[in-house]
Amino acid sequence: MMKFNKLTATAMSFALAVTAVGCTPAIGKGTEMAMTANGTDISSGLFIFYTIRAYQDAADIIESKNGTAPTVKEVKNSHIDDIEASDWIQDKATEYCMNIAAIENEFNRIGGQLTTEELAEIDELADNRLDPDGTDIYSKNGVGKESIKKIISTTGSGSNYYGEYEYMQKYIFEHYYGFEGEKGCTEDELKDYFDENFARVKYISIDLTDEAGEPLSDDDKKALRRKAEEYVKEINGEKDPMDKMYKMNDCMEDYDEYISTSTTAVEGEEETTTTTTTTTTTTDTDETQTTTTTDPYENERLIQRYTTTTADESETDSATTTTAEEESDYEKADREFKEFVFNKLEMNKAEIHQYDDNTLYVVIRSDLRERMTEDDYWSEDYIYSLQLLRYNDDFTDYLESLADNIVPEKNASSFRRYAPFKLDLSSLEPQT
């Protein structure tokens with residue numbers, strides 16, 4: 001069965017993990033196309049790119065088995081799944097190309113078209129990625145701009161950049177799983193899904209260890225717990241949910257000040273030093289924020305309900321996938337915190353949660369639906385991310401079923417000319 005990488009909210013599958021590609025040597029006459037797959041031509045440039053990628057897959061498999069990165073010669077002389085490495089690599093490259101063909105075939109079948117803006121963006125991105133010296137592995141092996149335009153994808157600062165096939169794949173997904181799609185759900189159903197699987201929380205993390213990471217004394221721990229209890233009482237003393245969020249900010253500031261003014265005697269010295277600890281909290285965008293009372297949403301974050309099913313996420317905590325028997329102390333604490341939030345914590349009521357032996361949380365959960373607005377948690381990006389989260393597995397299975405039905409017509413000349421170990425793979429030699 002063909003294997004597709006799942007779509008993500010920040011970068012589509014088939015991401016090109018290279019720094020540059022440039023001017024290419026001419027691909028020989030009669031070898032311009034490597035194969036035809038159900039009517040879609042696959043250029044030799046694409047085939048070469050995926051041959052290099054398949055070589056790297058092979059090297060990774062060998063390294064995981066032997067514990068050291070193999071040389072090109074060692075890969076060449078290896079067998080993978082009882083198949084000679086050269087044949088395995090070409091078979092793998094063919095699979096990658098058939099995945100590409102499945103996307104293009106389906107895109108054309110449903111009448112998809114890339115916009116003028118998308119095409120211009122792709123062209124500009126490809127130009128920016130060209131290596132003027134033509135010294136990178138792709139340039140030296142004949143992968144040119146037209147091939148890169150189809151498959152290149154990278155994430156810039158706050159922006160996403162996709163190649164043609166990434167845009168095609170996104171178009172197909174939205175065609176089937178968008179609000180108007182035959183396989184998707186309504187907007188109200190997606191909001192229900194969001195509300196059922198995510199929680200909007202804010203918490204103060206109270207550290208029960210000293211600067212060296214050693215547990216505090218029992219008296220110090222009791223003092224910090226009393227402070228946590230005071231915070232809970234203050235927060236819950238407010239009646240309006242928004243006022244509780246403001247009060248939570250006030251308590252965060254108070255805790256920061258309390259920690260920053262604590263004094264401890266340095267062991268072996270007579271003088272007293274002031275230990276300053278800056279407490280920061282991660283928001284749903286994974287940015288470090290400074291506590292302030294001007295915004296009730298400051299320091300909030302989204303957490304996802306604990307699940308044993310892997311889910312791709314972009315701006316939220318990742319789902320836990322380990323079993324109880326295998327999980328680490330951190331994973332256990334994270335799981336128990338999520339279970340507490342989703343199963344025990346009342347809405348708009350602050351409570352204390354013992355996160356682990358060394359940490360107390362003062363935590364409050366707020367109504368997620370309040371922030372489901374066009375300029376907040378219900379923007380186009382959030383909607384798309386949620387649709388991906390809900391339907392990505394189904395979509396991947398659908399594309400794989402399409403690829404499984406493709407029978408490639410191989411150009412034997414291209415397969416001979418661009419056999420893996422006829423390519424220049426010198427830059428992939430292990431660093432010594």
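This is a short tour of the structure above, one selection at a time. Keep in mind that you're looking at a predicted model.

**Stop 1: the whole protein**

Start with everything shown as a cartoon. The protein has 432 residues, and 47% of them count as buried. Its secondary structure comes to 13 helices and 17 strands. Now switch on the surface: the accessible area is about 22200 Å², and 43% of that belongs to carbon and sulfur atoms. How much of the contact in here links residues that sit 24 or more positions apart? Counting contacts with a separation of 6 or more, such pairs account for 69%.

**Stop 2: a sheet of three strands**

Hide the surface and select residues 33–37, which are strand β2. Add residues 40–43 for β3 and 408–410 for β17. These 3 strands make an open sheet in the order β3-β2-β17, with antiparallel pairing. Because β3 and β17 stand at the edges, each with a single partner strand, one side of each has no neighbour in the sheet. Try looking along the sheet to see its twist, which averages 25° from one strand to the next.

What holds strands together in a sheet? In general, they pair through backbone hydrogen bonds, either parallel or antiparallel. Here, β2 and β3 run antiparallel and are joined by 4 bridges. To find one pairing by eye, click methionine 35 and then isoleucine 42 in β3, its bridge partner.

**Stop 3: the helices on the sheet**

Keep the strands on screen and add residues 44–66. That's helix α1, which packs on the sheet and touches β2 and β3. The direction of α1 makes about 60° with that of β3. Next, bring in residues 85–109, helix α3. Which strands does α3 touch? It touches β2, β3 and β17, and its direction makes about 135° with that of β3.

**Stop 4: threonine 40**

Zoom in on threonine 40, in strand β3. Is it buried or exposed? Its relative accessible area is 5%, so threonine 40 counts as buried, since the cut-off for buried is under 20%. Show the side chains around it: leaving out residues up to four places away in sequence, threonine 40 touches Met35, Ala101, Glu104 and Asn105. You've already met Met35, the bridge partner of isoleucine 42.

**Stop 5: two loop residues with positive phi**

Move to asparagine 38, in the loop between β2 and β3. Its phi is near 50°, a positive value in a residue other than glycine. Asparagine 38 has 45% relative accessibility and counts as partly exposed.

Now jump to aspartate 82, in the loop between β4 (79–80) and β5 (83–84). Phi is positive for aspartate 82 too, near 65°. How open is this spot, buried or exposed? With 77% relative accessibility, aspartate 82 counts as exposed.

**Stop 6: a pair of crossing helices**

For the last stop, select residues 187–197 (helix α8) and 380–404 (helix α12). They pack at an angle of about 75°, with their axes 11 Å apart. Angles from 65 to 115 degrees count as roughly perpendicular, and therefore that's the label for α8 and α12.

Turn on the side chains where they meet. On α8, look for Glu189, Leu190, Tyr193 and Phe194. On α12, the contact is made by Tyr382, Ile383, Leu386, Gln387, Leu389 and Arg390. Colour the contact by class and you'll get 7 nonpolar, 1 polar and 2 charged residues.

Definitions and conventions
Residues are numbered from 1 along each chain as its sequence is written. This is a predicted model: local features need pLDDT of at least 70, side-chain atom pairs count only at pLDDT 80 or more; totals for chains, interfaces and linings use all residues. Side-chain values use heavy atoms; hydrogens and water are left out. Buried means under 20% relative accessible area, exposed over 50%, partly exposed in between (1.4 Å probe, protein chains only). Contact means heavy atoms within 4.5 Å. Accessible areas come from the Shrake-Rupley method with a 1.4 Å probe; for residues, only the protein chains shown count as cover. Two strands pair if DSSP finds at least two bridges between them. Axes are lines fitted to C-alpha atoms, for helices over the stretch in contact, and angles run from 0 to 180 degrees between N-to-C directions. Angles under 35 degrees count as roughly parallel, over 145 as roughly antiparallel, 65 to 115 as roughly perpendicular and the rest as oblique. Ala, Val, Leu, Ile, Met, Phe, Trp, Tyr, Cys and Pro count as nonpolar, Asp, Glu, Lys and Arg as charged, and the others, Gly among them, as polar.
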